[in-house]
Amino acid sequence: MTVLEFDRLRVTIGNRPILREVTLTVATGEAVGLVGESGSGKSMTVKSVLRMLPAGAAAGGTIRLLGAEIGKLDEAALRNLRSRDVAMVFQDPRATVNPVRTIGDFLTEVLRDQGVSKAQARQRAAGLLADVGVDHIDRRMRQRPHELSGGLLQRVVIAAALATEPKLILADEPTTALDVTTQEEVVAILDEQRHKRGTALLFISHDLELAAAVCDRIAVMYAGEIVEILPAARLHEDARHPYTRALLRSRPGAVPPGARLETVPGTPQAAFDAPAGCVFADRCGHATANCFSVRPVLRPVDSGSAACHLLEESPHGA
Ligand SMILES: Nc1ncnc2c1ncn2[C@@H]1O[C@H](COP(=O)(O)OP(=O)(O)OP(=O)(O)O)[C@@H](O)[C@H]1O
């Protein structure tokens, strides 16, 4: 069953295109990673799901969440989805948790909003903290956010996200603000808990390898478009789009220690000044005249799909 479906999602701000024809699905219990460089449109895609786009933004195409078309929901239905069926985890836990309330109040409030009694809410909150690996639970419940490290606080945010037993978690760079060891621990907790509960996950990251470690499928974004979708387990073997391959070569682990690291040539493009044809054409070492004039669409390639003329049998078929 499909939990979330983007069908040719387009977003513009003023008359600037931000997202162009984003088509992607997330199935029940599936984890999909949305990866790409800064400005590629990952956050805008996620914000579209709960109609949280910035003022002045307009969306086209359709998004279906648990069968409901997002654009057609009234405010009450949207609030229900936000408070019950979909949870969000952002980069900075300190921006999510009220700084003057205790951790216990923060968690029990989420549960009380679901109609759970006060005593039960405290018990469930303690259980959730244990699930995400928080120790000294009684003390933590009495503490305020500034008394907890970033990693610990992000665990609290994950506990709150799990509290409503959502069908889908939207995680936007949930570990970017943390140091590497803490990052791994927090990602492992998210991974373990969503597997245990069968929760679907849309995981936003600029880090391909991190996304591949926790996701079933990876969607690679560039300049407001998805250029490739492939199974995470086949990332290195099956990546075919020149941009995905360039990203993989530019990872620190891709070269032996001391060897010079490759970078993706050129600078990232924004959707609004992308060329008429392929968005990656002017950074691609293999582009032909066709790539600059005709826009490629996602087509099946190996175990996934890619939008690249060079991978098509008939280069003019797009
Ligand atoms: N409030 C806004 N007003 C106008 N343009 C915006 C706004 N927020 C983002 N953009 C533009 O939308 C495009 C996509 O941005 P988005 O934040 O979705 O990228 P991202 O891939 O999530 O990047 P990052 O990893 O840096 O968060 C960028 O070109 C960005 O400059």
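**Exercise 1.** Determine how far apart the end C-alpha atoms of residues 4–248 lie in this predicted model, and what share of the span is helix and what share is strand.

*Solution.* Begin with the ends of the span, whose C-alpha atoms are 27 Å apart. Next take the secondary structure, which comes to 42% helix and 27% strand over these residues. Finally, turn to the annotation: an unreviewed UniProt entry places the feature "domain: ABC transporter" at residues 4–248.

**Exercise 2.** Identify which residues of helix α11 are buried, and name elements that cover them.

*Solution.* Helix α11 comprises residues 242–249, and a residue counts as buried when 20 or more other C-beta atoms lie within 10 Å of its own. By that criterion P242, Y243, T244 and L247 are buried. The cover over these buried residues includes α9 (208–214), together with β9 (217–222) and β10 (225–231).

**Exercise 3.** Describe the shell around the ligand by its residues, its main contributing helix and its classes.

*Solution.* First, the ligand is surrounded by 13 residues, of which S38, K42, S43, M44 and P54 are the closest. Second, helix α1 (residues 42–49) gives the most to this shell, contributing three residues. Third, sorting the shell by class yields five nonpolar, seven polar and one charged residues.

**Exercise 4.** Assess the confidence of the prediction, and locate a stretch where the pLDDT is below 50.

*Solution.* For the protein, the mean pLDDT is 91, with 95% of its residues at 70 or more. Over residues 314–318, however, the pLDDT is below 50, although this stretch has ten contacts in the model beyond near neighbours in sequence. Where pLDDT is low, predicted coordinates should not be read in detail. For the complex, the predictor gives an ipTM of 0.96 and a pTM of 0.92.

Technical notes: Residues numbered from 1 in each chain as written. Predicted model: local features only at pLDDT ≥ 70, side-chain atom pairs only at ≥ 80, totals over all residues. Buried ≥ 20, exposed ≤ 12 C-beta atoms within 10 Å, placed from the backbone. Helix = DSSP H or I, 4+ residues; strand = E, 2+ residues; numbered from the N terminus. Contact = placed C-beta atoms within 7 Å. Near = placed C-beta within 6 Å. Nonpolar A, V, L, I, M, F, W, Y, C, P; charged D, E, K, R; others polar. pLDDT = per-residue confidence, 0-100. UniProt positions renumbered as here; feature names shortened; annotations may be inferred.
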